[in-house]
Amino acid sequence: MILVTGGAGFIGSNFVLDWLAAGDEPVVTLDKLTYAGNLRNLDALADDPRHIFVRGDIADRDLVARLLADHRVRAIVHFAAESHVDRSIHGPEDFVATNVVGTFRLLEAARAHRADLPPTERDRFRFLHVSTDEVYGTLGPTDPPFSERSQYRPNSPYAASKAASDHLARGHHHTFGLPVVTTNCSNNYGPWQFPEKLIPLCIHRALAGEPLPIYGDGRQVRDWLYVTDHCAAIRLVLEAGRPGEVYCIGGTSELANIDVVGLLCRILDEESPPADGRRYAEQITFVADRPGHDRRYAIDHGKITTELGWRPRESFETGLRKTVRWYLDHGDWVADVTSGGYRDWIGRHYAADERGLTPARGADG
Ligand code: NAD
Ligand code: DAU
């Protein structure tokens, strides 16, 4: 059995569904169900005996120890995190609690559990730590992409907390011999992504006739990867990645934000034309920039491609169209997650001013 943390979130739920579609090894999902976690993402597994869901915190030592022992867990795939950069600017402390302290406690629980396993199972045990390209900071326009050799230069509280968790994971491997493998991935998109992130936010707001907020000049570049490609990479790394190694994962799909939203609007024009003959691009609104906004991310995924044969299968255009169709078909899910607390967040973060929308500053700004 494997333990998946954060399996009710965006990437975690895609991973659990793909895992059980690809094989029969059971999964126990541990998720705190924060605003970003939603059990509905796992509805398809409600009657599946291969899946157990437990609501709880990765920082709960007793609970994690019990789960590892009771289910004789042979691997942990660790997705659970506070994941939104803008929220880390408004309130960084939760990011330290989950991403740093939570990851530390999970590593400690894994260490104790592994020590109790018989030698053959001890050798097979894996801790797969899912991380981000944001730990490497920002690139200039002509810099080579990030790779496993890039220096750590995190620029936001989110990135700093993920960097700290990467270092803790590395330390547990180096000092205690815990078989940790770390992945650092670029921006994901696809089904079940919470509509606070750029792509689902813009799909939701476009359909609602609301402004599409573009930070700064919109020329910041991200390297986009369809979530299913990320899940496939994680399955491969779990199976064949070498303990102590890091694997960078990316889509070789660098695009400026304004071009992402432009393409999104064109796809929406085709898939769900506005009734009044307008174009969705007319809703694009430039707003104040994100404090400390990283200019460019890009990933060189040569290592995982050479060693494990992974490469992205989805192009950005095909992946984006699939994503748009998924959101059009899942209006009930979107309505569910955009009630209550979501509205508070949008109201707080995108405070209206005379130009339309202005992202509010962090607590000190
Ligand atoms: P998400 O915010 O959609 O989901 C996070 C999940 O973790 C939620 O279900 C939440 O309830 C759960 N969670 C939060 N705190 C918890 C705690 N203390 N205990 C147990 N569960 C907790 O995030 P995501 O976008 O799916 O990202 C998953 C992982 O992948 C994160 O570690 C993130 O840093 C990393 N990552 C994300 C991206 C991306 O583009 N989304 C890219 C690279 C890496
Ligand atoms: O690079 C990997 C990271 O990608 C992950 O580690 C994070 O968990 C994930 O949230 C994502 O971080 P970003 O900050 O890049 O994603 P986000 O969707 O928030 O923003 C993408 C880009 O779009 C970024 O340059 C900021 C910009 N943006 C975002 C929002 C929400 C806007 O211009 N307007 C917006 O309203």
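1. Starting with the bulk of it: 56% of the protein's 365 residues count as buried. Keep in mind as you read on that this is a predicted model.

2. On the overall build, I find 13 helices and 14 strands in the protein. The radius of gyration comes out at 20 Å, close to the 21 Å that the globule rule gives for 365 residues, so the protein is as compact as a globular protein of that length. If you want a feel for the dimensions, the C-alpha trace spans about 65 × 45 × 40 Å along its principal axes.

3. The chain brings together parts that lie well apart in sequence. Take the contacts between residues at least 6 apart in sequence: 81% of them join residues at least 24 apart. As for the outside, the protein exposes about 15400 Å², and carbon and sulfur atoms supply 50% of that area.

4. Now to ligand 1. It has 28 residues around it, and the closest are Ile11, Asp31, Ser83, Tyr158 and Lys162. Two polar contacts come from the backbone: an N or O atom of Ile11 sits 2.8 Å from an oxygen atom of ligand 1, and one of Lys32 sits 3.0 Å from a nitrogen atom of ligand 1. Thr98 uses its side chain instead, with a polar atom 3.0 Å from a nitrogen atom of the ligand. Ligand 1 taken alone exposes 840 Å², and the protein buries 97% of that.

5. Who builds the shell around ligand 1? Helix H1 (10–22), strand E5 (126–132), helix H6 (157–176) and strand E7 (187–189) are the elements that give two or more residues. E5 gives the most, with three residues. By class, this shell has 12 nonpolar, 12 polar and four charged residues.

6. Ligand 2 has 25 residues around it, with Asp133, Tyr158, Arg290, His293 and Tyr350 coming nearest. Tyr158 is worth a look in both places, since it is also listed among the closest residues to ligand 1. At ligand 2, a polar side-chain atom of Tyr158 lies 2.6 Å from an oxygen atom. Side chains of two other residues also reach oxygen atoms of ligand 2: Glu134 at 2.8 Å and His293 at 2.7 Å. Alone, ligand 2 exposes 680 Å², of which the protein buries 95%.

7. Which elements give two or more residues to the shell around ligand 2? They are helix H3 (85–90), helix H7 (198–207) and strand E8 (212–215). E8 gives the most, with three residues. The shell divides into 10 nonpolar, eight polar and seven charged residues.

Notes:
Residues numbered from 1 in each chain as written. Chains lettered and ligands numbered in written order. Predicted model: local features only at pLDDT ≥ 70, side-chain atom pairs only at ≥ 80, totals over all residues. Heavy atoms only, no water. Near = heavy atom within 4 Å. Polar contact = N/O pair within 3.5 Å; in protein donor to acceptor, adjacent residues only side chain to side chain. Areas by Shrake-Rupley, 256 points an atom, 1.4 Å probe, with all protein chains shown as cover. Helix = DSSP H or I, 4+ residues; strand = E, 2+ residues; numbered from the N terminus. Nonpolar A, V, L, I, M, F, W, Y, C, P; charged D, E, K, R; others polar. Rg over C-alpha atoms; globule rule 2.2 N^0.38 Å. Buried < 20%, exposed > 50% of the residue type's maximum accessible area, 1.4 Å probe, protein only. Contact = heavy atoms within 4.5 Å.
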